[in-house]
Amino acid sequence: MRTEVVTLPGSPERPNEDWAATALPASGGGGTVVVLDGVTPPAGDDGCVHDVPWFTARLGGALTELSASRRDMTLPGILAEAIRRTANAHRDTCDLSHVRTPQATVVMARWDATDVEHLVLSDSVLLLEAPDGAVRAVLDDRLDRIPAEVRRSLAATDRLRNQEGGFFTAAADPEVARRAVTGTTPRSEVRALAALTDGASRWVELFGAGDWTDCFAVLAEEGAHGLLARVRALEESGAAAHRWKRHDDATAVHALL
């Protein structure tokens with residue numbers, strides 16, 4: 001297996017809130033990929049004394065350890081346990097019931113000799129490439145279904161955050177793991193995969209520079225750094241206006257299985 005992991009901050013003045021890791025078992029028979037996109041809170045109180053990078057590092061570390069070492073656990077079970085561990089790490093100092101308590105999107109993929117498992121929660125993307133070059137995008141599109149005029153209101157967005165009829169992120173409630181998009185694909189049907197935070201997937205979703213197959217071709221030909229460089233060039237050109245910020249933290253993981 002060969003993997004490439006590249007992450008770029010959205011601004012040199014702010015810490016990168018994305019988090020990514022890959023791990024291989026000692027037997028060499030499989031692997032795991034974990035990618036998180038920390039949710040930047042609006043200015044004001046979020047009930048927590050920790051910043052988003054603290055949260056993504058804690059959650060991402062737990063997800064990586066569990067997904068690599070606990071083959072007996074399902075990916076939703078791993079996500080639930082990682083959320084529980086992270087919540088317990090700051091339950092005594094922070095208000096975890098606050099709607100803006102630190103949270104993140106999640107992409108996980110885990111494979112062995114027979115299967116490739118996946119889990120996606122919120123608006124990061126997992127791409128699976130078949131041996132014939134066909135690319136399938138695994139998406140959780142619940143945030144995209146919310147009208148833009150609603151998302152422009154912080155109060156309205158808060159009312160839909162981790163609520164039925166709204167959208168879900170990994171925060172402090174382990175039960176959210178049941179809301180993730182999950183599935184299993186035979187290993188023989190997956191040649192390579194990629195995990196992208198929305199700062200990287202905007203090459204397709206915001207700028208329309210190509211479809212998911214084109215995106216995977218860029219990763220194969222130019223690597224993860226090449227894809228992110230293309231995104232930054234489009235951002236600098238003013239090709240489109242993002243609803244929140246011109247530049248976003250961007251992370252891409254490309255793995256050949």
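Start by selecting G238 in this predicted model: this glycine comes right after helix 6, and its phi is positive, near 70 degrees.

Now step back along the chain and colour helix 6, residues 212–237. For its opposite end, show the side chain of D211, which caps the N-terminal end of the helix. One of the side-chain oxygens of D211 lies 3.1 Å from the backbone nitrogen of T213.

Next, centre your view on E222. What is there? Helix 6 has a kink of about 120 degrees, centred on this residue. Try a distance between the end C-alpha atoms of helix 6 too: they are only 22 Å apart, although the helix has 26 residues and a straight one would reach 38 Å at 1.5 Å a residue.

Finally, add helix 5, residues 198–205. How do the two helices meet? Their axes come within 9 Å and cross at roughly 105 degrees, so helix 5 and helix 6 are roughly perpendicular to each other. To see the contact, show side chains on both helices, including W203 and V204 of helix 5 and L227, L228 and V231 of helix 6. If you colour the residues of this contact by type, you will find 10 nonpolar, 2 polar and 5 charged.

Technical notes. Residues are numbered from 1 along each chain as its sequence is written. This is a predicted model: local features need pLDDT of at least 70, side-chain atom pairs count only at pLDDT 80 or more; totals for chains, interfaces and linings use all residues. Side-chain values use heavy atoms; hydrogens and water are left out. Axes are lines fitted to C-alpha atoms, for helices over the stretch in contact, and angles run from 0 to 180 degrees between N-to-C directions. Helices (H or I, at least four residues) and strands (E, at least two) are DSSP runs, numbered from the N terminus. Angles under 35 degrees count as roughly parallel, over 145 as roughly antiparallel, 65 to 115 as roughly perpendicular and the rest as oblique. Contact means heavy atoms within 4.5 Å. Ala, Val, Leu, Ile, Met, Phe, Trp, Tyr, Cys and Pro count as nonpolar, Asp, Glu, Lys and Arg as charged, and the others, Gly among them, as polar. The expected span of a helix is 1.5 Å times one less than its number of residues. The bend at a residue is the angle between axes fitted to the seven residues ending there and the seven starting there. A polar contact is a pair of N or O atoms within 3.5 Å; within protein, one must be able to donate a hydrogen and the other to accept it, and residues adjacent in sequence count only if both atoms are side-chain atoms.
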